[in-house]
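Visitor: I should like to look closely at a single part of this protein. Please take one helix as the centre of the account and relate the rest of the chain to it.

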Amino acid sequence: GLFARKGNPDLRTILREQQDKLSTLAPDGDGQAIVGPFGLGHLLVHNTPDSLHDRQPYHAAPHDLYIVGDLRLDNREEIFQHLRLVPDPHLPDIQLVLRLYQQEGAKCLERLLGDFALVIVDGAKQELFAARDPLGVKPFYYFLNGDWFAFASRIRGLWPVPGLSWKMQESYVLEMLYSGYPHTKNETCFADIQRLEGGQAMIV
């Protein structure tokens, strides 16, 4: 996905290029949504029964909220009960999370059990909310400068974003060569690309 912080670029073209970079295996579906300066894209792989009914990015009408993510909930029944909804096996996890967010905002993360990396865009507030599961199972990489905030589930998904430099992050590379494990959790091997740490959230 993308947030154009300046100008009026062709978000749809860049999104398509991002999806092409990530589409190493044939997905079960894909989607795009342009919301003012925000562009959201998704490649779908069916891996749970409810995902057969999933369509992303998902828009919660009449609210100007959009959500996209890679997630699997382990406490669906508990969330249905908390929201006072009749359990629906066909309701995708992503829609259930957005309903919880509508009710509780960022505090909804305290109720989520499972693996997830997600982004919620509030078109009315011109705000983007991103979060990652506590164990950091689902990856979330991002690029931020004065012109762009861009994110992807894999580093290669950021390649098409204008202005991205491929300068190496030498401290990260040295850590990997020395111990085989990155001690700085938010860095990657590229200086311009950061990693949202497990259990963390951010607002842009």
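Guide: The account below begins with the chain as a whole, turns to the chosen helix, and then follows the loops and a strand around it.

The model is predicted. Its protein chain contains four helices and 11 strands. The radius of gyration is 17 Å, close to the 17 Å that the globule rule gives for 204 residues, so the chain is as compact as a globular protein of that length. The C-alpha trace spans about 50 × 40 × 35 Å along its principal axes. Of the 204 residues, 46% are buried. Where contacts join residues at least 6 apart in sequence, 51% of them link residues at least 24 apart. The accessible surface amounts to about 10600 Å², and carbon and sulfur atoms account for 52% of that area. As for charge, the chain carries 20 positive and 26 negative charges, whose mean positions lie 1 Å apart.

The helix chosen for the close look is H3, which covers residues 93-104. H3 has 12 residues, and the distance from its first C-alpha to its last is 16 Å, close to the 16 Å expected at 1.5 Å a residue. Its buried residues are Asp 93, Ile 94, Gln 95, Leu 96, Val 97, Leu 98, Leu 100 and Tyr 101. The general geometry of such a helix is useful here. An α-helix has 3.6 residues a turn, so residues three or four places apart point the same way. The partners against which the buried residues of H3 pack are strands S4, S5 (65-73), S6 and S7, together with helix H2. Just after H3, Gly 105 adopts a positive phi of about 65°.

The loop that leads into H3 comes from helix H2 (76-82) and contains Arg 84. Although Arg 84 is not a glycine, its phi is positive, near 60°. With a relative accessible area of 79%, Arg 84 lies over the 50% cut-off and is therefore exposed.

A second residue of this kind is found between two of the packing partners of H3. Gln 126 belongs to the loop between strand S6 (114-122) and strand S7 (127-132). Its phi, about 55°, is positive, and Gln 126 is not a glycine either. Its relative accessibility of 39% makes Gln 126 partly exposed.

Strand S6 also holds Asp 115. The relative accessible area of Asp 115 is 15%, which is under 20%, and so this residue counts as buried. Apart from neighbours within four places in sequence, Asp 115 is in contact with Asp 70, Leu 71, Arg 72, Asp 133, Val 137 and Lys 138.

Strand S4 (58-60), another partner of H3, is preceded by a loop that runs from strand S3 (38-44) and includes Pro 57. The peptide bond between Gln 56 and Pro 57 is cis, with omega about -5°. Pro 57 is buried, at a relative accessible area of 16%. Beyond four places in sequence, Pro 57 touches Gly 31, Gln 32, Ala 33, Leu 40, Gly 41, His 42, Ile 67 and Val 68. Asp 30 stands 27 residues away from Pro 57 in sequence, and their C-alpha atoms are 8.8 Å apart in space.

Definitions and conventions. Residues numbered from 1 in each chain as written. Predicted model: local features only at pLDDT ≥ 70, side-chain atom pairs only at ≥ 80, totals over all residues. Heavy atoms only, no water. Helix = DSSP H or I, 4+ residues; strand = E, 2+ residues; numbered from the N terminus. Rg over C-alpha atoms; globule rule 2.2 N^0.38 Å. Buried < 20%, exposed > 50% of the residue type's maximum accessible area, 1.4 Å probe, protein only. Contact = heavy atoms within 4.5 Å. Areas by Shrake-Rupley, 256 points an atom, 1.4 Å probe, with all protein chains shown as cover. Lys, Arg positive; Asp, Glu negative; His and termini not counted. Charge placed at Lys NZ, Arg CZ, Asp CG, Glu CD. Expected span 1.5 Å × (residues − 1).
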